[in-house]
Structure formats: C-alpha cells, structure tokens
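Welcome, and thank you for taking a look at this protein with us. Please have the sequence and the model open side by side as you read.

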Amino acid sequence: MVQLCGLLTLQRKPVPLKSISVSVSIYEFVAGVSATLNYENEEEVPLEAIFVFPMDEDSAVYSFEALVDGTKIVAELQDKMKARTNYKNAISQGHQAFLLEEDSSSRDVFSCNVGNLQPGSKAAVTLKYVQELPLETDGALRFVLPAVLNPRYKFSGSPVDSCLDVKTPIVPVEDLPYTLSMVATIDSQHGIEKVQSNCPLSPTEYLGEDKTSAQVSLAAGHKFDRDVELLIYYSEVHTPRVVLEMGMPNVKPGHLMGDPTAMVSFYPNIPEDQTSNTCGEFIFLMDRSGSMQSPMNSQDRSQLRIQAAKETLILLLKSLPIGCHFNIYGFGSSYEACFPESVKYTQQTMEEALGRVKLMQADLGGTEILAPLQDIYRRPSIPGHPLQLFVFTDGEVTDTFSVIKEVGINRQKHRCFSFGIGEGASTSLIKGIARASGGTSEFITGKDRMQSKALRTLKHSLQPVVENVSLSWHLPPHLSAEMLSPEQTVIFRGQRLIIYAQLTGKMPAAETTGEVRLKYTLQGKTFEDKVTFPLQPKPDANLPIHRLAAKSLLQTKDMGLRETPASDKKDALNLSLESGVISSFTAFIAINKELNKPVQGPLTHRNIPRPIVLGASAPLKLRCKAAVPMALGSYSTPAFQPIMEAVSVEDDIAYDTCDIDDFSFCGVTTYKDHHSPGSVENHLVQLIYHQNANGSWDLNEDLAKVLGMSLKEITAAHPAELVDSSGWATILAVIWLHGNGKDFKCEWELLERKAVAWMRVYAGCTMPLIVKAAITFLKSSVDPAIFTC
C-alpha cells in the first residue's frame, strides 16, 4: 500500500502542486518575473490539475512553457476559444497539454491547467511577465508578488465562465501543501539605498562596491497570508529618462514589434498651491459588505477595515473646504446614501454626516458596486462644482469590467480616486476605475494606514487642475514618433508620468540624439519639462518595453469578452497575438505530442487548494459545496454562488456600539482594538472629531480631555482681552497637533490649514500675542511660525 503524506485533497488524494519558485529581475522601474509551478503526480492515475491564482492587472504575460520529465514544450498564444478547443481535444486524445488563460471578467485572475500528467511524472510550468513598478510618495518603487486571492462576490447574472467558478478547495494558510520561494535581483545606475519588505527577507547582498546591483531572497516558510511586497529605494528616482528598445529583427518595420519602442518617464515638478480649491462635489463611496469586518492585516491587534473606514471618513469630512458639496454612500448587496442628494458643506450637514458615520457597520451583505455608481452618475451635476468620487472597497467583485466601463462612460463629468483595502483586493478593479476617469489608485495593505492615503489623495484633488497637457518629439528628419499610450489629460503633483511611443522611419547614424518635451499649464503659467536621449536602440531578447507598450494599448481596448465594443475586439485580439501578450481574447496552449504512446485511462481532476485571508486567523473547516455562514457577511447573501469549499468555524461576531468619548469607535468585540486609552492616536481622533466645519474648536470638556488638563485651568489661562473662547481653543488645538501628532501630520494637514486660515481672519493682528500665550501655557516647543507660513 502506498503511504500518502502531506495535505490531501477533499478526495483524500495528494495535491500535485508541490512548490512555486519565482525569479525577479528589476532594472530601474521595470520588473521582469519568471514564476515556475512545480507539479508531481503521486497517484496511480493520470491527472488534470487546475490552479487559479492572482496576478497584478498591469502584468504583461508574454511566455508560457512546460518542462515535463526533461522535455521542453513551448506554448503558443492563440485565440482563446481556439486554444480551449485544442486543449480539450489534446487531452481527450491522451496527449499532455497545458493551458494558461486570463479570467474573462477580471485581468488580475489567471488559471493554469495541466492535463494528462502521468503517474510518477514531474512537470515544471513557467510563465513570464513584465510590469512597471509604481512610485510611492516617499520615493520607493513598489513591487508586489500577489499571493492572496479572495473569493469574489457573485450576484444573479454574473458571468458563468469565470476562472473563479472552479470549486477551489480553500485551506488554512499554515496547511497549504506547496511552498513559495523568491529571489530578486535589482539594478539601478543611480545606486540602491535599501530594500524593505512586508515579509522576512535574507539580508540585502550588494553585488558591487558602488551599490548599483543587489539581491534579496524571501525567507523560507512564507504562509501565503499576505502578498509579497518589496519597497526599493534608489539614490535618485526623480530623474526623467528615455529607454529605447530595438524591435525584433525578424519582424518587418512598420509593425509594433518590428520598430524601436521608447518608454519615457517624466516627474513634473508641479508647485504646491497653499490656497486649495473651495469648490467641488465630493462623494465618498464606502464598502460596507461583510468582508469589511475583517482586520486590515493578519497581525495581532490589527484595526478592523470598517473601523479604519469610519476614521477615514471623519478625517475626510473635517478636511473638506467650506463652500463645497458632499455626500456619503455605503454599499453592499444594497446601497444607501447619507443624503438624498449632495448637500452644501456646513456645520449642520457635517454634524449630520458624522452621526451617520458613527453608526456605520459592515452590514450590507455582498459587494455590488455597479448600482450605487449608476445612481451617482444619474444625479445632475452641480454648476461650478466638478465631481470628485472616492471609492473604498476590498475589491471582491466579479463584474469588474462592467464597473470599469460605467466609470469610463462618465469620465467627462468626474474623476475617480480608488482605494483597495486589505490583502487580495482586485488590482483590476481598483486600477481600472481610476485609469478610466483620470484619477489615481492606492492599495492599503500590511501596516499602511487608510487614513493617510485617503487624505493625501484628497489633498491632490483640491489642488488646481493642470491643463493643456501636451507632448512633443524633436527627432531627426525621416524619423517620427507614434504615441502608443492614451492621451494624458490629468497630472497630479508628485506623480510619475510614463509614455510609450513607436519610432518609425529611418534610424540615424550613431551619436545622434532626440528630445521629448512635456508642456502643461497651471493657473495661467506654462511649465515645460524635457529630456534628451541617444537614438541608439538597445536589444533585449525579452522585449520588455515592447511588451509593456502593448499592455498599455490593450488596457485601453480590452474590456473583457462581454464589455469590449465590437470595434475594439478585433484590434485587441490582433494586438495580443502580434505582441505575444495575453489578453481576454487569447490563451497560451502547449501540447506534448512526443510521448511514445498516449496517456491511458480515465483522466482524474484535481483542483489546487489556495489560501484565503478572511479574518484574524479564524480557523477554517473544509466543507464540500457549502455556503458561508452569516458571520462573514458578503459571503452569505442568497445570490452568492459559493465558490469556496471551506468556511470559518469562528463563533458569531458580536457587535458593540460605543460612544465617541470611549477610546474606540464601533467595533467587533472578538478582536482587541488597536487603540489604547490615552494613546496619541486615540486623542488625535477625538480632537479631530470635535473640530467645527469652519476649522475652529469650541472650548469645552472634550478639548480639555485631549489636552490632559481641566477645563478650569484652560479657562483661567484664556487671554479674554485678545480673543474669545473659540479662538483660544483653536490655537491650543493646533499647537497640540504639531506637538503631539507629528507622526500623523499627513492626516491632519488639511484640517489644520483650515483652522489656521480661520484664525488669521478671526484674530488678525493679535495672532502673535495669542500664539505666544498658548505656547507658554502648554509649555510647548512648537515654532510660532506655523501660524504665519
């Protein structure tokens, strides 16, 4: 009798996927990734193994191959329907076959089929992709290897041919049968300062004295409870540059893959305007599905997503400028708005909204975002107040392309700023809706604070609009540039701008240069950035720049099998086949016809288990074809089609409503709150909560509690001859913010700016005397200049 070891499937059989090994090569801000899935059939029958896994939506997958018992089989990119048919025919005839496809409904989910793996056989399946690395506000380049794929909420009428329809077994992360290893090599001509990660790494090994090359490895034992993230800090990251890549030598000029392709990066030095816009309609669309009751991350004492959302909304409400309009929507299986329509921002409307936020719970069931979006877009525009939409969600939906399409249709009337909450949020949804509307996207994982990222984005949205954006090329005669990237109409301060272009015509002799100029207008002033580059294309066998350019084009045309306009389907298909970059309309297919004889016997299916991050290490129990209990909210609505085979056996979650004066907002008693009574963060939240809409504070017990003094002491020190009680309270509050809340400055910067502006008008020439009295009373070392700059 064969002794089975390791994790077994629901059929009590060993899992054929044994390990995943990843090699990452990062040059400047482009990452090339090679991921190998290692399979072994330990059973006595031939297998078909199906593995569903996450990918970043910006990944350009261009290669797929298999090594089976020493035989290498290179896949071909084909029309998806043709590839599926060829795969089915091959395995029915006993041939070994391999299929890789992108999900029909979302660009960030892939499936890999390994068909007719013989008993005792081993197969190493390798896929390769390239992607741009986004730039963080602190100058870090961010590489993410997705490891978490959460279930996507399905409603009536959802697509039926999604990869996520596979009944994938879900297991506790500590019981996964396969391992993950990763080695990353990093190169930059400007030098590498440091590499950080949310996961344990080997010490950074510099491969040269000038620190232009380094290598790090993922420590053994990764639990798949989080995506693997690298933050790479170069010595200089804001230098504009052009990378010019040679085309394929065997492809005729005039084609995308035959001509040289340029990747241009700009970092426009847009000045910050201290006088932010006071107009605008701000709508905050907040996910209130049951999954928002999960912790922000898997670490102990992690704040719950819904709690972080409530604090974020309070900060946003307090930071809005007087004179704007606003509304708050909550959505799940249904949706509800704070007001029937957007209202003017006043003390009364702000207080009413705060009352609603205080009672907010993750109690609206599933994750259906399309309906509230359509309701928002149906509302008439408010003259003089352009719509700014902020979307917060954990991104677990299946109608991704429908949502992106809806946002794109309404792109002329608004900008959408999106936030993906927690591990496993859909990069396709979050990035897609921001890209479709000219907004920005953020992901909140690990120890990231939703509050910080949301307030930074609000600050961007309040800045004056950059207009008349244009790009011009200055090239030698008989050489021209054809833009491959969509036209750039919006630029934000601190944003990196990446453009792809195809150079057509006759390349000049050596040592010739070209120039690219970026022009834009801000408040009537014209700015120009330019970069000069050598016109000598460099060869690269993997053609990463060409692949990224093709991906950039595909993202503008490919909206999935159902949502792509007929006029774009043919273009997307042809572009995908020409560039070798996978799309919704194509799939990689590899068939091994070199076997001495076809595989015999019936084919047995094995779905590879995957992990899920549902909560704070809640125990999981395998349950075949089961619905998930009500405690998990969005996974329990009647319309949800269960795609999991595991459920939490955690006790029902008990809700506890607290008063704002307690150290926490409404939360879940099952988890310990990350605030502790008396903590700076808790006092900060309380102080901000009690700020008035115009930026001032009232002198009362709430303020005294934050300052750690009695109201009697504060009143006794009040210089009544200089300012009334509200002015005195506001000065004290601002000084406390600077003295005690430095670590959270990006979260209170806008509301502090509003408070100081109010004081300047209110106190006038007496301001210096009031500030001096307040600093003396608080025994603070804060610089009085904060009230004058």
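Below is a short tour of strands, cavities, cysteines and a few individual residues.

This is a predicted model, in which local features need pLDDT of at least 70 and side-chain atom pairs count only at pLDDT 80 or more, while totals for chains, interfaces and linings use all residues. Residues are numbered from 1 along each chain as its sequence is written, and side-chain values use heavy atoms, with hydrogens and water left out.

**Strands around β1, β2 and β9**

Let us begin with strand pairing. Strands here are DSSP runs of E with at least two residues, numbered from the N terminus, and two of them pair if DSSP finds at least two bridges between them. In general, strands of a sheet pair through backbone hydrogen bonds, either parallel or antiparallel.

β1 and β2 form a hairpin with 2 residues between them, and E28 in the turn has a positive phi of about 55 degrees. The two strands run antiparallel and are joined by 10 bridges; L17 has Y39 in β2 as its bridge partner. β1 also runs parallel to β12 (residues 179-187), with 9 bridges joining them, and Y27 is matched there with D187.

β2 continues the pattern with β9, pairing in the antiparallel sense over 11 bridges, where A35 finds its bridge partner in L127. β9 in turn pairs with β4 (residues 60-68) in the antiparallel sense over 8 bridges, and A66 stands opposite V125 of β9. As for accessibility, β9 is mostly covered, with 8 of its 11 residues buried; buried means under 20% relative accessible area, exposed over 50%, and partly exposed in between, using a 1.4 Å probe and protein chains only.

**A three-stranded open sheet**

Elsewhere, an open sheet of 3 strands has the order β10-β16-β13, with antiparallel pairing. Its edge strands, β10 (141-145) and β13 (192-197), each pair on one side only. Neighbouring strands of this sheet are turned by 20 degrees against each other on average, direction ignored; the axes behind this angle are lines fitted to C-alpha atoms, and angles in general run from 0 to 180 degrees between N-to-C directions. β13 and β16 (residues 228-234) are joined by 5 bridges, and V195 stands opposite I232 in β16.

**Cavities**

What space is enclosed inside the model? On a 1 Å grid over the protein atoms alone, a cavity is a set of points where a 1.4 Å probe fits but cannot get out, and its lining residues have an atom within 4 Å of a point. Grid points are joined across faces, edges and corners, and the volume is the space filled by probe spheres set on the points. The count comes to 11 cavities of 30 Å³ or more.

The largest cavity holds about 280 Å³ of space. It is lined by 21 residues, and those closest to its centre are I20, F51, F53, P54 and P146. Elements giving two or more residues to this lining include β1 (17-27), β2 (30-40) and β9 (122-132), strands met above, but β3 gives the most, with 4 residues. The lining divides into 20 nonpolar residues, no polar ones and 1 charged; here Ala, Val, Leu, Ile, Met, Phe, Trp, Tyr, Cys and Pro count as nonpolar, Asp, Glu, Lys and Arg as charged, and the others, Gly among them, as polar.

The second largest cavity has about 130 Å³ of space. Of its 14 lining residues, Q463, P464, V466, I491 and R493 are the closest to the centre. This lining divides into 9 nonpolar, 2 polar and 3 charged residues.

**Cysteines and individual residues**

How many disulfides are there? With a disulfide taken as a pair of cysteine sulfur atoms within 2.5 Å, the count comes to 0. The table gives the accessibility of two cysteines and three other residues.

| Residue | Relative accessible area | Class |
|---|---|---|
| C199 | 7% | buried |
| C765 | 72% | exposed |
| Q78 | 9% | buried |
| K211 | 39% | partly exposed |
| H478 | 69% | exposed |

Q78 lies in strand β6 (residues 76-79). Its C-alpha atom is separated by 9.1 Å from that of S576, although the two residues are 498 residues apart along the chain.

K211 is found in the loop between β14 (205-206) and β15 (213-217), and its phi is near 55 degrees, a positive value in a residue other than glycine. H478 sits in the loop between β26 (466-474) and β27 (479-483), with a positive phi near 70 degrees, again in a residue other than glycine.

Methods. On a 1 Å grid over the protein atoms alone, a cavity is a set of points where a 1.4 Å probe fits but cannot get out, and a pocket is an open set with protein on both sides within 12 Å along at least five of seven lines; lining residues have an atom within 4 Å of a point.
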